[in-house]
Amino acid sequence: MALKKRKLSHLALFIFLSSVWLTALPANVVAQLTDEEKNTIDVVKRTQNSVVYVTNIKLVVDFFTWTEEKIPRGTGSGFIWDDQGHIITNYHVIEDGDIFSVTLPDQDQRQAKLIGKEPAKDIAVLKIEGNLKGLYPVKIGSSANLQVGQKVIAIGNPFGFDHTVTAGIVSALGRSMPGVGGVTIRDMIQTDASINPGNSGGPLLNSAGELIGMNTMIISPSGASSGIGFAIPVDTIKKIVPQIIKYGRVIRPGLGL
């Protein structure tokens, strides 16, 4: 019995001294960040003022009172494209909307104008007016040399939780998926980074913080993330967006052009 009590007292003393030792350690020793964690944190910090929350509002006329009511039709994400206030999002985020509200990183809400859209590629361009101080265009990268297995970071507003960050890898390249109206969108990026409703229109970034795609859709029996998400490659976005900004639409080659 005495031996058992002695062992218990030694164990209690060990636990006490261990807790004191851990408490006395500097915070950077107890919770030292890995290089991978530091990279993710750095990318998020450099991109946090480039991602916005988009709300699609439909104007509905009441049959009895003939008054217009504003009905929220859907929400999604978007990102700052340039220093002129252009915002890129998915076409299905703003589809059939009449008014578009953009919530900035500082929670300031602005009404946005629809500049143009390309439903076949599920791309739309909005523009906000006013003071753009503190907003930074996302750094544009390339999707031409992506490698299966490389790290990616997704930022968006799933289920209304603004500036949610998830990380994963490029799971596959060159995927073809049905878009709006059944039109096939080709060369999509597949990722296992968690993407949910509300992430649509948000940026998919590489470890350098560069835009490599726009998160667009998921495959899921439950409607929530199952680790199979798809993004429109940035090289497609770079071809479409400048035309929409300049002409309000995509100019397709044809006879006489």
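The predicted model has an average pLDDT of 87 over the protein, and 86% of the residues score at least 70. Residues 1–8 stand apart in this respect, with a pLDDT below 50, and in the model this stretch has 0 contacts beyond near neighbours in sequence. Where pLDDT is low, the predicted coordinates should not be read in detail.

The largest nonpolar core comprises 25 residues, of which Ile88, Ile123 and Ile237 touch the most other members. At least two residues of this core are supplied by each of the strands S6, S8 (151–156), S10, S12 and S13 and by helix H5, and the largest share, 5 residues, comes from H5. Another core, of 15 residues, lies apart from the largest one and includes Val54, Ile94, Leu104 and Ala124. In soluble globular proteins, nonpolar side chains tend to be buried together.

Helix H5 spans residues 234–247, and its 14 residues reach 20 Å from the first C-alpha to the last, close to the 20 Å expected at 1.5 Å a residue. Its buried residues are Val234, Thr236, Ile237, Ile240, Val241 and Ile244, and these pack against six strands, namely S3 (86–89), S5 (109–118), S6 (123–128), S7 (139–140), S12 (210–218) and S13 (229–233). For Ile237, when neighbours within four places in sequence are left aside, the contacts are Trp81, Ile88, Ile123, Gly213, Met214, Ile232 and Pro242; Ile88 and Ile123 thus appear among the contacts of Ile237, and they are named with Ile237 as the core residues that touch the most other members. The helix is followed by Gly248, whose phi is positive, near 85°.

Helix H5 also contributes to the largest pocket, which has a volume of about 260 Å³. The lining of this pocket consists of 15 residues, and those nearest its centre are Ser143, Arg186, Asp187, Pro233 and Thr236. Two or more lining residues are given by each of strand S9 (164–178), S10 and H5, with the largest share, 5 residues, coming from S10. Thr236 therefore figures both among the buried residues of H5 and among the residues that lie nearest the centre of the pocket. The loop between strand S10 (184–191) and strand S11 (203–205) contains Asn196. With a relative accessible area of 15%, Asn196 is classed as buried, because this value falls under the 20% cut-off. Apart from neighbours within four places in sequence, the residues in contact with Asn196 are Pro158, Phe159, Ala224 and Ser225.

Note on methods:
Residues numbered from 1 in each chain as written. Predicted model: local features only at pLDDT ≥ 70, side-chain atom pairs only at ≥ 80, totals over all residues. Heavy atoms only, no water. Helix = DSSP H or I, 4+ residues; strand = E, 2+ residues; numbered from the N terminus. Expected span 1.5 Å × (residues − 1). Buried < 20%, exposed > 50% of the residue type's maximum accessible area, 1.4 Å probe, protein only. Contact = heavy atoms within 4.5 Å. pLDDT = per-residue confidence, 0-100. Core = buried A, V, L, I, M, F, W, Y, C linked by side-chain atoms within 4.5 Å. 1 Å grid on protein atoms, 1.4 Å probe; cavity = no way out; pocket = protein on both sides within 12 Å on 5 of 7 lines; lining within 4 Å. Points joined across faces, edges and corners; volume = space filled by probe spheres on them.
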